[in-house]
Amino acid sequence: MPLLRTVLLGVLLWWMPMEASAWNWRTRISLSLHEQPLSAACRIMEKEYGIRFSYSSDIVNMSRRVSINARDMPLRRVLELLLTENGIEYKRIGGQLVLTVRQRKERTLSGYVEDALTGEKLIGATVFIPLLQVGAVTNQYGYFSLTAARDTMTLAVSYIGYQLQQIPLKDKENRVLNIRLHPTNTLQEVEVTDSLPKLQDQTQMSKVNVSVAQARAMPRVLGEADVMKLIQAMPGVSGGMEGTSTLHVRGGSPDQNLILLDGMPVYNASHVLGIFSVFNPDAIKNVDLYKGAFPARYGGRLSSVVDISMKDGNMQHWAGETSLGLLAMKVMTEGPIKKNKTSVIASFRRTYADLLMTDVAKKELELGEKGEFLAYFFDANFKINHIFSPRDRIYASVYGGQDQMEMRRDMVFDTLNGYAKRYHENIDFKLGWGNQAYSLRWNHIFHPRLFANTTAHYSQFSFNTDYRYKYQALDTPQVRESDDMAGRYYSRVHNAGLKVDFDYRPDPRNVVRFGGQATWHKFEPGIMRFNNKSDEQQLTDTSYNTDTHNGVELAVYLEDDWKLSDSMHLNLGVHISAFLTDGRGYTAVQPRLGFRYMLPHKWALKLSYTMMTQYIHLLTNNATYLPTDLWVAATEKVPPMHSVQLAGGLARTSNDERYEFSAEAYYKSMRNVIEYTEMDQQFSSATRSWEEQVVVGNGWSYGAEFLLQKKKGSFKGWVGYTLAWAQRAFPGVNNGSVFPYKYDRRHELEVVLSKRLGKRWELSGQWQYSSGLPMSLPAGAYEQITDPSPHLPPGTEGPGEVDVTGRRYGLRMQDVHRLDIGATHTKERNGIRYILTLSLYNVYNRKNPFFYYYKRNETGERRELTMLSILPILPSISYGIKF
């Protein structure tokens, strides 16, 4: 018996401390956490209060970050704040809490977000449920879909430059919402970009959203705002030659950029030999640049995607704007045909410099009294959109642009090569190039979670040169001495396509996109026609390279932007394409992968892997700076281009969302890139098949990009730096050795700043520096036979020196740097806004190289290397009215 009492007493003494430390629902808890994983809160309560939690990490998301500040609070209330509000149920079984996911009834909230004053759909607006910490972003058409618990009470909608709107939701059914946001300041230019989630919250990397408002505020060349110039100021993007608006992205060539305007491909994006782009910012709503990590919905190019959306047109009232600069005038108008039902927008821009320069050009070019000179460009945009029903909308877009130069000489001369000779000479020369593009788009909502867009489009780029030369001797009446020659060189590319894109939002953790497209291509590469009628009855009428080629490109894609957890996101996709041309077929499977992992202190680690295929090539003429480049299809001898790009980086947005920092490193390899076999190519190259003049090889590019931006406040801007290498290698070119790509720049630094002073003034500045471009120069020269041929006219010189080709791109031009400044004054009176813009391009008159050439010195004894610089210090002014 004494033994039994001893055992019972021991058990009692062992059990009593356990019972004393056991918890119940009234246990008082003190717990303070900020943005910590839910699992951390459970560990603390287990350690401090002996509360054990049991759960399956595959079912319950314990990585969700929570914040709580509880002081001596009952356990049940703490669990409600931590678990119940995050959709987690708990049940006590013995001495532990078993956690499961609460099955909540759901509903879908969908609709559009638009500007309350104009009805313009807002791209990238954030629709958020604060209680559940879930949200969605509007797509390219302003549509959103968000599936959440039925007991959702409040919806918050935000957009940079607009007032935050809180929408109470009292019912528990599916809702279709048309949300209208009001601008915060109607006097200043409304900022319609930069409203995407924080940089570290986005899976997408290597993407830049370009602010149209920022492009308007930046210093201008000859008074013209240009979004492409702003794109050039981003890390990883080079502008090519000084002053041009071409894009070279991460070591790629201009043909490797997919430029879309409302879904329409644009083949040539430059006016005035590349100084201006073809896009009028007055008609543009949104611009997205992808330098890598391409979503699966894009394909057909290797290096970049520039996706430009036009404005839809004001649905509420008629409005417009017009401006006059040193080079051009432009006008834009928009308004409702039927309020809240149908709207239209139209814009037109044209240079008028030719009207002022005709007399000067006739004198300088010695065109004669009957001569003519004409040089101008124009572009026009038109768009109409109509709402058929809450589920159906249709958009029709048109773009047309043209550059034209015409020169006519009609003169009588009295000497020829220093000898007395009276003759009449007539020269007609016409040069022109331009784009046409048309698209028809239909938006349809099949289900609140399933949105579709169908696009039919046609686009064309053409280049034409016409010339005629007539010579008639006037001092040989007995003998007919004359020449009459005419020629034409032209190239053209057409495409027509049909594309269907689906946007499916099954839940807040997944955004699924899928679709397909078919595109027909027609190529007319470099056709030359020549006609010669002379006094010797030699009649020649010849055409070269008249073959045209057709091709059909097919593609399907699937991608899923998947939120695995609060700290881990995955974008997984595939783009499958095929190209059929001249009885041959090519196929390509192009996987796309993007990954984001949230590191401590809100830093995001991002990785991407991308494969791209391009079925068309651009033959670039190195001997001229005119758009004489030829678009051609892949062939058996010149197969499609392929690239693989790897990228990794870090990104973070500051807590107050004023600053963003990103750093990315990339490596890109390219197969089947092409190069001319000769150093220079003339128009005569069109007389032979282009396949005979090119060689197929490989390319590489790699580097690092850094970008620091200030995105909010009266003082904005960014600093960007790029360290990059771009190389090529071709059999038989440069002895088969690797050489720099012709637009390889080792260092590039861009500083872009703007400061708003009060409500009326905004100052801006841009300073850029870049390493010199590679160039090829002769390694030597030798003299040919100096005795002139007896068949040459008197006074005609012999053939002279012949250059010996050196190492391709073995030398470098001098470095380029330039400072531009600008100021914009805005004043509003009686509902009309008056805008004065002043700019100074190349403030300290830096002579940056456009190209180099050899010329004889004054004595004619030797040749000297000479640099041509075309853009000195240029002041400009423009005045606009917006109503």
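Reader: Which residues form the nonpolar patch on the surface, and what is their accessible area together?
Author: Happy to start there, keeping in mind that this is a predicted model. One member, L324, sits in strand β22, which covers residues 319–324. L324 joins M329, V331 and F348 in the patch, and together their accessible area is about 310 Å².

Reader: Nice. Turning to helix α3, which of its residues are buried?
Author: Buried here means under 20% relative accessible area. In helix α3, residues 75–82, the residues that count as buried are L75, V78, L79 and L82.

Reader: How are those buried residues of α3 arranged when seen down the axis?
Author: Let's look along the helix. The buried residues of α3 fall within an arc of 100 degrees, so what they line is one face of the helix.

Reader: And which elements do the buried residues of α3 pack against?
Author: Their partners include two elements that precede the helix in numbering, β1 (28–37) and α2 (38–49). The full set they pack against is β1, α2, β2 (52–54), β3 (65–74), β4 (88–93) and β5 (96–101).

Reader: On to the rings: how many aromatic pairs are there, and how many residues apart in sequence are the parts tied together by Y438 and Y458?
Author: The count comes to 21 aromatic pairs. Y438 and Y458 form one that is stacked, with 6.3 Å centre to centre and 25 degrees between the planes. Y438 lies in strand β27 (residues 419–447) and Y458 in strand β28 (residues 450–473), so the pair ties together parts whose separation in sequence is 20 residues.

Reader: Are Y438 and Y458 buried or partly exposed?
Author: Partly exposed spans the range between the cut-offs of 20% and 50% relative accessible area. Y438 has 35% relative accessibility, and Y458 has 26%. Y438 is therefore partly exposed, and Y458 is also partly exposed.

Reader: What is the angle between the planes of F502 and F514?
Author: These two rings form a stacked aromatic pair, 4.9 Å centre to centre. Planes under 30 degrees apart count as stacked, and for F502 and F514 the angle is 15 degrees.

Reader: Which strands hold F502 and F514?
Author: The pair ties together parts that are 12 residues apart in sequence. F502 lies in β29 (residues 482–507), and F514 lies in β30 (residues 510–534).

Reader: Last one: what separates the C-alpha atoms of I832 and F883?
Author: I832 is found in strand β50, residues 832–841. I832 touches K827, I881, K882 and F883, leaving aside residues up to four places away in sequence. Although I832 and F883 are 51 residues apart along the chain, their C-alpha atoms are separated by 4.7 Å.

Methods:
Residues numbered from 1 in each chain as written. Predicted model: local features only at pLDDT ≥ 70, side-chain atom pairs only at ≥ 80, totals over all residues. Heavy atoms only, no water. Patch = residues over 30% accessible without salt bridge, like charges linked within 9 Å, V, L, I, M, F, W, Y side chains within 5 Å. Areas by Shrake-Rupley, 256 points an atom, 1.4 Å probe, with all protein chains shown as cover. Salt bridge = Lys/Arg side-chain N within 4 Å of Asp/Glu carboxyl O. Helix = DSSP H or I, 4+ residues; strand = E, 2+ residues; numbered from the N terminus. Buried < 20%, exposed > 50% of the residue type's maximum accessible area, 1.4 Å probe, protein only. Arc of directions from axis to C-beta. Contact = heavy atoms within 4.5 Å. Phe/Tyr/Trp six-rings, centres within 6.5 Å; stacked < 30°, edge-to-face > 60°.
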